[in-house]
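Student: Could you take me through one part of this model closely? I am new to it, so please go slowly and connect it to the rest.

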Amino acid sequence: MDSLDRKLLEHFDGKAVRKDLLHRIKTGTNVPTFVLEFLLARYCATEEAAEIQAGIEAVLATLQDNYVRPDEANAAQSKVATKGKHRFIDKIHVNYVEREKRHWAALENFNS
């Protein structure tokens with residue numbers, strides 16, 4: 001890692017994304033790039049190999065527990081029904097209904 005990379009990590013902690021790690025994880029998962037970039041910036045913003053490995057494991061564990069894939073919508077809905085609540089990573093579409101004066105949100109992969 002050169003001096004510019006170190007300065008980026010120092011001054012933009014939690015915002016710099018290592019693209020080499022992104023490409024390494026992206027090949028094994030079916031997750032949008034922006035989700036991986038967010039998680040990598042959060043868990044892997046360092047240059048130490050042990051911390052990067054722990055961060056990659058944290059990213060993969062977070063994806064396993066929280067990312068909703070379209071083909072697993074029923075399993076995610078079942079998890080919410082049994083636990084009462086659960087934190088998911090999904091794309092949200094929000095619409096404002098003028099006559100009701102309310103916003104309605106729909107989770108894309110969760111099918112709700």
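Is R99 buried or exposed, and what is its relative accessible area?

Tutor: Happy to! R99 is exposed, with a relative accessible area of 74%; here buried means under 20%, exposed over 50%, and partly exposed in between, with a 1.4 Å probe and protein chains only. This is a predicted model in which local features need pLDDT of at least 70 and side-chain atom pairs count only at pLDDT 80 or more, while totals for chains, interfaces and linings use all residues. Residues are numbered from 1 along each chain as its sequence is written, and side-chain values use heavy atoms, leaving out hydrogens and water.

Let's start with the partner of R99. Its side chain meets that of E100 in a salt bridge, at 3.9 Å from N to O; the term means a side-chain nitrogen of Lys or Arg within 4 Å of a carboxyl oxygen of Asp or Glu. E100 is partly exposed, at 36%. Next comes K101, which sits in the loop between β1 and β2 (102–107); strands (E, at least two residues) and helices (H or I, at least four) are DSSP runs numbered from the N terminus. K101 is exposed, with a relative accessible area of 56%. Its phi is positive, about 55°, although K101 is not a glycine. Most residues other than glycine have a negative phi.

How does the R99 pair fit with the others? The structure holds 4 salt bridges. One of them joins the side chains of E37 and K19, with 2.5 Å from N to O. Because E37 lies in helix α3 (residues 33–43) and K19 in helix α2 (residues 19–26), this pair ties together parts that are 18 residues apart in sequence. E37 is partly exposed at 23% relative accessibility, and K19 is partly exposed too, at 42%. R69 and E72 also pair through their side chains, at 3.7 Å from N to O, and E72 counts as partly exposed at 35%.

For a contrast with R99, look at T62 in helix α4 (residues 49–66). T62 counts as buried, since its relative accessibility is 17%. A polar atom of its side chain lies 2.8 Å from the backbone oxygen of A58. Leaving aside residues up to four places away in sequence, T62 touches L39, Y43, Y67 and I89, where contact means heavy atoms within 4.5 Å.

Now travel to the start of the chain. D2 is in the segment before α1 and is partly exposed, at 42% relative accessibility. Its C-alpha atom is separated by 25 Å from that of T33, which is 31 residues apart along the chain. L4 belongs to helix α1 (residues 3–11) and is exposed, at 55%.

How sure is the predictor? The mean pLDDT of the chain is 84, and 96% of its residues reach 70 or more; pLDDT is the predictor's confidence in each residue, from 0 to 100. Among the elements of the chain, strand β1 (residues 92–97) has the highest mean pLDDT, 93, and α1 the lowest, 79.

To come back to your question, R99 is exposed, its side chain is paired with that of E100, and the exposed residue K101 has that positive phi.

How values were computed: A polar contact is a pair of N or O atoms within 3.5 Å; within protein, one must be able to donate a hydrogen and the other to accept it, and residues adjacent in sequence count only if both atoms are side-chain atoms.
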